[in-house]
Amino acid sequence: MSRLTLRITPRPWLMLAVMVLGQAATTVVVATPAFLIPYLHQYEGMNLASAGLLAGAPHLGLVLSLIAWGAAADRYGERNVLIIGLALTVLAVAGSMLAHGFVMLGVALVVSGAMSACINNASGRLIAGWFPAERRGLAMGIRQTCQPIGMAIAAIAVPTLAIHYGILGALAFGGALTLIALVCCVAAVVDPELAPRTVAALGSNPYRESWTLARIHAVSVLLVVPQFVLSTFGLVWFTVDFGWSALAAGALVATAQLLGAGGRIVAGIWSDKVASRLRPLRQVAIAGVVVLLVAAAFGWAEWAIPAAIIFVVASCVSVADNGLAFTAVAEIAGPQWAGRALGTQNTGQFLASAVVPSLVGGLIGFVGIPAALALVALTPAIALPLIPSELDAQRTATRQGRSAGNRPTSSPAR
C-alpha cells in the first residue's frame, strides 16, 4: 500500500459517489459508438450493418475482460485495479480517436470496452467491503443506477457533439469523464481491510463448495431477458401497435428507464430492511411473471393507456433484481472471490443482452409483441426454482469467511 493511500481517510459514501461517477463515465465510453450510428450513417455514409458492428465492439471487449479484471481485483485490490484500469481506458479512448479506417477503429473500440470493464467488478467489491450489511443493499442499489445515468448522458451529449465536433469530439467526451473519475479515484478510494476471520478462507473456491453462486448467475441471466426485451422493443410496441408518435413513445421509454433506476434503490433498501437479498429476489421474479402477462393481455386488448402504465411498471420490476443479485454474489463469494464472481455475473448478463434482441426480434416477427411478452414471462418463471435458499447462501458465505452481517473494519490498510 502506498504512503499516499495511507493518508486518505476512508469515506464510504464519498467512495460510492466516485464509483457512480466512474461507472457512469465508462458507460458513456461503451455507449458512445451506438449513439454515433445516426451520424455515421447520415454524415459519413457508413451502412447500418457496419455502424452496428462498431456499436457492438466495446461490448465485445467488456465480455472478454470482465472475469480477468475481477481476478485482478481479488489479487491486487480495488484501488490498484481502478487506477490502472481507468488510466488504460483514457489511453484506449485516445487511441480510438487516432485510429484510421474501419478495422483499426473497431479494434480500438474493443480495447476501450475491455479496459473500461475494470470498474464493473472493483466497484462492487469496494462497496461490499466498506458498507455493513444493513446499508449494503441501499449502497449497491445506488451503484446500480450508474448505468442508466451513463446511458442518459450519452444519449443527450453524443449526437450533439458529433454534429458539432465530429467523431473525435464525441469520443473525447467519454474519455474526459473517465479522466475526471480517475482523478477522483486517486483522491478518494481506499481498499477495505480484510476481516481477521477471512484469512483462513483465502484459498477457498466458492464454486467448488456449492452450486449457490452458479444458480444465482443462471437466475440473473434469465431475469435480464425481460429487461432487454422491454427496453429494446418498447418504442416499437407503442409506435407500431398503438400508433403513438416517436416522441411520445420515446418519452414513455425514457420515463420507464428513469423510474427503473429509482426502483433499484428501493429494492436495495427493501433487502436491507428484511436482511435478505434472496427473498426479495424471489418476489421480484414472481412479480415479473405477473406484470409481463398483464402487459400481454393489455396488448391483445389494444388498450394503449393501461398498456403504457403496465409497461412502466414492468420495466421497473425487470431491473429491480440487478442490485439484489449483484449484492448477494459479492456477499456469498467473500472478499477473495468477489471480483471473479462479479465478473462471471456480469459476463453472463452481457452475453444474454447480446443474444436477446435478435432472438426476440425474430419471435415478434412470427407472433407479435403481446404473444412475445407472454412467452418471455417464462424466463422469470423458470428462474424461480433456481433461486437458492437462504440457508444454502448462508452456508456458502460462512465457508468464505464472511456472513451477510460481517462488517468490514474501518482501517484503510489491506
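**Exercise 1. Start at R215: find what its side chain reaches, and say where the residue sits.**

Solution. The side chain of R215 has a polar atom 2.9 Å from the backbone oxygen of L386. Keep in mind that we're working with a predicted model here. Next, place the residue: R215 belongs to helix 11. Now look one step along from L386, at I387. The C-alpha atoms of R215 and I387 are 6.4 Å apart, although 172 residues separate the two in sequence. Finally, check the exposure. R215 comes out as partly exposed, because its relative accessibility is 27% and that class runs between 20% and 50%.

**Exercise 2. Take L171 and work out its surroundings: buried or exposed, and in contact with what?**

Solution. First the address: L171 is part of helix 9. Its relative accessible area is 8%, so L171 is buried, given that the cut-off is under 20%. Then the neighbours. Setting aside residues up to four places away in sequence, L171 touches T32, V93, S96, M97 and L109. For a sense of scale, go along the chain to P192. That's 21 residues from L171, and the two C-alpha atoms are 34 Å apart.

**Exercise 3. Do the same for N346, a residue of helix 15.**

Solution. Begin with the accessible area: N346 has a relative value of 8%, so this asparagine is buried. Then list what surrounds it. Once neighbours within four places in sequence are left out, N346 is in contact with L66, N120, N121 and F326.

**Exercise 4. Find the largest nonpolar core and follow one of its best-connected residues.**

Solution. Step one is the count: the largest nonpolar core holds 94 residues. Inside that core, the residues with the most contacts are M19, V229, W237, F238, F311 and L373. Step two asks which element gives the largest share. That's helix 14 (residues 304-333), with 17 residues of this core. Step three, pick F311. Leaving out its neighbours within four places in sequence, F311 is in contact with L230, G234, W237, F238, L252, V253 and A256. Step four, look beyond this core: a separate one has 18 residues, including L36, Y39, A154 and L177.

**Exercise 5. Describe the largest pocket: how much space, which residues line it, and which helix gives the most?**

Solution. Volume first: the largest pocket has about 1700 Å³ of space. Its lining takes in 48 residues, and those nearest the centre are H59, M151, F228, S231 and Q257. Now sort by element. Those giving two or more residues to the lining are helix 2 (12-35), helix 4 (48-76), helix 9 (146-188), helix 11 (212-241), helix 12 (246-273), helix 14 and helix 15 (338-367). Helix 12 gives the most, with 8 residues. Last, sort the lining of this pocket by chemistry: 25 residues are nonpolar, 21 polar and 2 charged.

**Exercise 6. Now go for the cavities, and characterise the second largest.**

Solution. The structure has 6 cavities of 30 Å³ or more. The second largest has about 80 Å³ of space. Go round its wall and you'll meet L223, P226, V284, A285, G288, V291, L292, A314, V317, S318, D321 and P380. Which helices each supply at least two residues of this lining? They're helix 11, helix 13 and helix 14. Helix 13 gives the most to the lining of the second largest cavity, with 5 residues. By class, that lining splits into 9 nonpolar, 2 polar and 1 charged.

**Exercise 7. Compare the backbone at A275 and E302: what is the sign of phi, and where does each residue sit?**

Solution. Start from the background: most residues other than glycine have a negative phi. Against that, A275 has a positive phi of about 55°. E302 also has a positive value, near 60°. Next, locate them. A275 is in the loop between helix 12 and helix 13 (278-301), while E302 is in the loop between helix 13 and helix 14. Then the accessibility. A275 counts as exposed because its relative accessible area is 67%. E302 is at 63%, so this glutamate is exposed too.

How values were computed: Residues numbered from 1 in each chain as written. Predicted model: local features only at pLDDT ≥ 70, side-chain atom pairs only at ≥ 80, totals over all residues. Heavy atoms only, no water. Core = buried A, V, L, I, M, F, W, Y, C linked by side-chain atoms within 4.5 Å. Buried < 20%, exposed > 50% of the residue type's maximum accessible area, 1.4 Å probe, protein only. Helix = DSSP H or I, 4+ residues; strand = E, 2+ residues; numbered from the N terminus. Contact = heavy atoms within 4.5 Å. 1 Å grid on protein atoms, 1.4 Å probe; cavity = no way out; pocket = protein on both sides within 12 Å on 5 of 7 lines; lining within 4 Å. Points joined across faces, edges and corners; volume = space filled by probe spheres on them. Nonpolar A, V, L, I, M, F, W, Y, C, P; charged D, E, K, R; others polar. Polar contact = N/O pair within 3.5 Å; in protein donor to acceptor, adjacent residues only side chain to side chain.
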